[in-house]
Amino acid sequence: MTRRPVLSAVVATIALAATALLATASPAGAAPGDPVTFTVDATEAHPGDTVTVTATFADPDATDVAFSYLSISPNFVTWNAGTKYSFTSCTGQITWCSYLPINNAGVAVQLQAPIPAGQSRTATFTYDIAADSPCGPTQVASFFFYTYRETSAGGTERVVQGPVTNVVC
């Protein structure tokens, strides 16, 4: 009789772990409903190559966005693997661009506002993979987006998994 509660606990734990793994999987472009979608011009790159990421923020609210902030930052796997890269430009429908202070490892932008309900703004980020960056099957440049927006209803923030580029030799 004690096996059923133990078995139920094991099944529940496995289901929870599977859900967590699926939630952390790297989607191609972002999950449905995410306010940020993206494209990347290279899913594979070599040391010395330049990669361009285009991110689009779409106002998901029924009211205009009065302020919108978007950043792109490296995931842990990029830091842990020692991939060397540096952001070199940010352009698009932005009012300012600021590079993160450690080796230009990320970028923050303010998108042009207001953003009418259902409309979008686009920012393009370019980074160079260092010529002396490690490369191989475990080397990636993997990023996430953080977005914060304000409407008449208040502020909302969200983290969205971003692009992954394999750094190959």
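Me: Before we get to the sheets, what makes two strands count as a pair?

Reply: Two strands pair if DSSP finds at least two bridges between them. Keep in mind that this is a predicted model. In general, strands of a sheet pair through backbone hydrogen bonds, either parallel or antiparallel.

Me: OK, so in what order do the six strands of the open sheet run?

Reply: Read across, the order is E2-E10-E9-E4-E7-E6, and the pairing is mixed. Strand E2 (44-45) and strand E6 (94-99) sit at the edges with a single partner strand each, so one side of each has no neighbour in the sheet.

Me: How many bridges join E2 to strand E10?

Reply: Two bridges, and E2 runs parallel to E10, which covers residues 154-167. If you want a spot to click on, Ala-45 has Val-167 in E10 as its bridge partner.

Me: And the sheet of four strands: is its pairing parallel or antiparallel?

Reply: Antiparallel, and this open sheet has the order E1-E3-E8-E5. Here the edges are strand E1 (36-40) and strand E5 (85-92); each has a single partner strand, so one side of each is left without a neighbour in the sheet. From one strand to the next, the twist averages 20°.

Me: Which residue in E8 stands opposite Phe-87?

Reply: That's Tyr-127. As for the strands themselves, seven bridges join E5 to E8 (residues 120-129), and the two run antiparallel.

Me: Let's move on to disulfides. How many does the structure hold?

Reply: Two. Counting bonded cysteines along the chain, they follow the pattern 1-2, 3-4.

Me: Is the link of Cys-90 and Cys-97 left-handed or right-handed?

Reply: Look at the torsion about the S-S bond: at -125°, this link is left-handed. Its S to S distance is 1.5 Å.

Me: Why is Cys-90 called buried?

Reply: Buried means under 20% relative accessible area, and Cys-90 comes in at 13%. Its partner Cys-97, at 28%, is partly exposed.

Me: What about the disulfide of Cys-135 and Cys-169: why is that one right-handed?

Reply: Because the torsion about its S-S bond is about 105°. The pair links distant parts of the chain, 34 residues apart: Cys-135 is in the loop between E8 and strand E9 (140-151), while Cys-169 lies in the segment after E10. The sulfurs are 2.1 Å apart.

Me: Is Cys-169 buried or exposed?

Reply: Exposed, with a relative accessible area of 65%; the cut-off for that class is over 50%. Cys-135 is partly exposed, at 29%.

Terms used. Residues numbered from 1 in each chain as written. Predicted model: local features only at pLDDT ≥ 70, side-chain atom pairs only at ≥ 80, totals over all residues. Heavy atoms only, no water. Axes fitted to C-alpha atoms, helices over the stretch in contact; angles between N-to-C directions. Disulfide = S-S within 2.5 Å. Buried < 20%, exposed > 50% of the residue type's maximum accessible area, 1.4 Å probe, protein only.
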